[in-house]
Amino acid sequence: MISLTINGKKQELDIDPDTPLLWVLRDELHMTGTKLGCGMALCGACTVHMDGTPVRSCSIPVSAVANANIQTIEGMNSVAFQAVQKAWRDLDVVQCGYCQSGQIMSATALLQTNKKPTDEQIDAAMSGNLCRCATYHRIRNAIHQAADAIGKTASTVGGKA
Ligand code: FES
Ligand code: FES
């Protein structure tokens with residue numbers, strides 16, 4: 001038995017400890033928001049957060065995350081995530097959509113630790129997330145828009161306090 005915490009909920013699973021986390025999410029827990037791309041930690045489609053850090057779930061055995069808090073796109077609700085979602089919609093970032101769950105998870109992780117990333121910091125943080133439709137320019141613009149929105153929210157809240 002492996003005990004996992006996914007989106008804040010404890011799960012007990014009778015599963016081979018070597019099973020990649022992505023297979024557990026999709027096949028055992030039927031959480032299909034996280035996508036399979038390359039299966040080799042090369043494309044970022046399978047990105048989830050492990051204790052807040054973006055990781056490639058296709059290449060992590062489930063035994064390695066037993067004591068971690070795993071967050072998938074289904075459980076995301078942070079201020080940064082909401083700002084990213086809105087910016088993605090406003091700027092029509094998505095084309096075919098296949099890579100976008102992973103893109104959004106990486107973008108959110110970036111904004112949760114860096115409220116005002118530069119172009120270079122965005123490119124570095126997003127470099128492991130590939131997009132066959134080449135939406136990179138819109139992704140970068142959307143991350144800047146989300147950062148601005150988070151900054152405005154913070155200053156409004158700060159002003160009232
Ligand atoms: S599917 Fe995991 S990095 Fe490509
Ligand atoms: S939107 Fe099609 S692969 Fe990225």
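This passage describes how three helices pack in a predicted model and what lines its largest pocket. Local features need pLDDT of at least 70 and side-chain atom pairs pLDDT 80 or more, while totals for chains, interfaces and linings use all residues. Residues are numbered from 1 along each chain as its sequence is written, chains are lettered from A and ligands numbered from 1 in written order, and side-chain values use heavy atoms, without hydrogens and water.

Helix H2 covers residues 79-90 and helix H3 residues 100-113 (helices being DSSP runs of H or I, at least four residues, numbered from the N terminus). Their axes lie 9 Å apart at an angle of about 130° (lines fitted to C-alpha atoms over the stretch in contact, with angles from 0 to 180 degrees between N-to-C directions). H2 is therefore oblique to H3 (under 35 degrees is roughly parallel, over 145 roughly antiparallel, 65 to 115 roughly perpendicular, and the rest oblique). The crossing is right-handed, a term for the near helix being turned clockwise from the far one by less than a right angle. On the H2 side, Ala80, Phe81, Val84 and Trp88 meet Gln100, Gln103, Ile104, Ala107, Thr108, Leu111 and Gln112 of H3 (heavy atoms within 4.5 Å). Seven of these residues are nonpolar, four polar and none charged (Ala, Val, Leu, Ile, Met, Phe, Trp, Tyr, Cys and Pro are nonpolar, Asp, Glu, Lys and Arg charged, the others, Gly among them, polar).

H3 also packs with helix H4 (residues 119-126), at an angle of about 130° and with axes 10 Å apart. This pair is therefore oblique, and its crossing is right-handed. Gln103, Ser106, Ala107 and Leu110 of H3 make the contact with Gln121, Ile122, Ala125 and Met126 of H4. Five nonpolar, three polar and no charged residues take part.

The largest pocket (an open set of points on a 1 Å grid where a 1.4 Å probe fits, with protein on both sides within 12 Å along at least five of seven lines) has a volume of about 170 Å³. Its lining (residues with an atom within 4 Å of a point) comprises 17 residues, with Tyr98, Cys99, Leu130, Cys131 and Arg132 nearest the centre. Eight lining residues are nonpolar, eight polar and one charged.

Definitions and conventions. Helix = DSSP H or I, 4+ residues; strand = E, 2+ residues; numbered from the N terminus. Points joined across faces, edges and corners; volume = space filled by probe spheres on them.
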